[in-house]
Structure formats: C-alpha cells, structure tokens
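Colleague: I'm new to reading structures. Could you walk me through this one, question by question?

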Amino acid sequence: MLKKLALNPLIISCVLGVIAASFGFPIHFVFDEAMKLMSGAATAVALLALGGSLDLSRMGKIVKILSSTWFDTLIKLAVNPAIMCAVLFLLPISKELFQVTVMLSAMPNAVNCFILARGMGMDSEYAADLVAATTLLGIISIPTWAYILGMV
C-alpha cells in the first residue's frame, strides 16, 4: 500500500510542487492558465462520471445507504467541524475566518472523492454512497452549523 501511495501521481505532483515553490521556481504563464482551465472543468467531469456510474436502483434504498455510511457521515458533518471549532477557538483569528473555516469543514463530501477512489482502485461504490449520504444530511447539518456559528 505504501508503494502504491508513493507512486500515486497526485502525491508525486504535490511533492514536486512544494519542492519547486520552496526553491522559487516560477510557473510559466502557459502552464498556469492551462491548469486553471483544467481545474475548472474537473468538477463538471467528476459530476458526469459520478452520475454515469451511480446505481440509481440503490437510491431508493436510502436507509440502507445511510445505515452503511452513518459513522463516516457523522465524522464528516459533525465531529470534524466540532474539532475544527474547538481548535480555532484557541487561536487569535478573526470571527469571519473562524466561521468560514468551520463551515467549510462541515460541507458534504466532494464528488471528487469518488473520482479519486475509482482512479486509485479503491471502494468507489462506498465513496459514491458517502457523497450521497453527506449531501442528503447536509440539508440538516449546514443550517445547524450556520446557526451555531451565528451565536459565536
């Protein structure tokens, strides 16, 4: 698993990017613009890939999906933002930065986690279920966190 992780193009590109930035290596305008255009299209392509591979017959069994993903959904939508809130409360940051950071940590799983799971040969079906569950329960958790952060 460590060998597979070390040879992952995502990990390699991040490490090379950090090394290049630490030595002040400038990124040429052409590469920068190309990367911006590609990143703009990535979410749309991820949504198409997720939609094309979802087993819509399972969506009628939302209770089954929620029962199989409840632990990870609870971590993503409640525990992670609560830990972030507690840690940031101890730091001298502005109220707006505090609120935005906690709200970002409380957002549902991105569609891109499905793409990554599929591309890395992991459990993409579970990742799709997790995206669906966190998005569905985000209807409750996002307004709840907004209310809590409004009182802070």
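Colleague: Does Ser105 count as buried or exposed, and what is the value behind that?
Modeller: Keep in mind that this is a predicted model. Ser105 is found in helix H6. The cut-off for buried is under 20% relative accessible area. Ser105 falls under that cut-off, so it counts as buried, at 8%.

Colleague: Which residue has its backbone oxygen 2.7 Å from a polar atom of the Ser105 side chain?
Modeller: Start with the contacts of Ser105, leaving aside neighbours within four places in sequence: these are Lys76, Asn80, Pro81 and Met84. The backbone oxygen you're asking about isn't from that list, and it belongs to Val102.

Colleague: Let's move on to Asn109. Is that residue buried or exposed?
Modeller: Asn109 has its place in the loop between helix H6 (95–105) and helix H7 (112–119). Its relative accessible area is 15%. Buried means under 20%, so Asn109 is buried.

Colleague: Which residue is in contact with Asn109 and also with Ser105, once neighbours within four places in sequence are left aside?
Modeller: For Asn109 the list is Lys76, Leu130, Val131 and Thr134. For Ser105 the list is Lys76, Asn80, Pro81 and Met84. The name found in both lists is Lys76.

Colleague: What kind of aromatic pair do Trp70 and Phe71 form?
Modeller: The structure holds one aromatic pair. In the pair of Trp70 and Phe71, the centres are 5.7 Å apart and the planes make an angle of 85°. An angle over 60 degrees counts as edge-to-face. That's why this pair is called edge-to-face.

Colleague: Which of these two rings' residues is exposed, and which is partly exposed?
Modeller: Exposed means over 50% relative accessible area. Phe71 has 48%, so it counts as partly exposed. At 52%, the exposed one is Trp70.

Colleague: Which helix gives the largest share of the nonpolar patch?
Modeller: The patch covers about 880 Å², and its members include Trp70, Phe71, Ile83 and Leu97. Ile83, for one, lies in helix H5. Seven residues of the patch come from residues 62–89, and that largest share belongs to helix H5.

Colleague: Last one: how much of the protein chain is made up of buried residues?
Modeller: The protein chain has eight helices and zero strands. It exposes about 10,500 Å², with carbon and sulfur atoms supplying 77% of that. Of the 152 residues in the protein chain, the buried ones make up 22%.

Note on methods. Residues numbered from 1 in each chain as written. Predicted model: local features only at pLDDT ≥ 70, side-chain atom pairs only at ≥ 80, totals over all residues. Heavy atoms only, no water. Helix = DSSP H or I, 4+ residues; strand = E, 2+ residues; numbered from the N terminus. Buried < 20%, exposed > 50% of the residue type's maximum accessible area, 1.4 Å probe, protein only. Contact = heavy atoms within 4.5 Å. Polar contact = N/O pair within 3.5 Å; in protein donor to acceptor, adjacent residues only side chain to side chain. Phe/Tyr/Trp six-rings, centres within 6.5 Å; stacked < 30°, edge-to-face > 60°. Patch = residues over 30% accessible without salt bridge, like charges linked within 9 Å, V, L, I, M, F, W, Y side chains within 5 Å. Areas by Shrake-Rupley, 256 points an atom, 1.4 Å probe, with all protein chains shown as cover. Salt bridge = Lys/Arg side-chain N within 4 Å of Asp/Glu carboxyl O.
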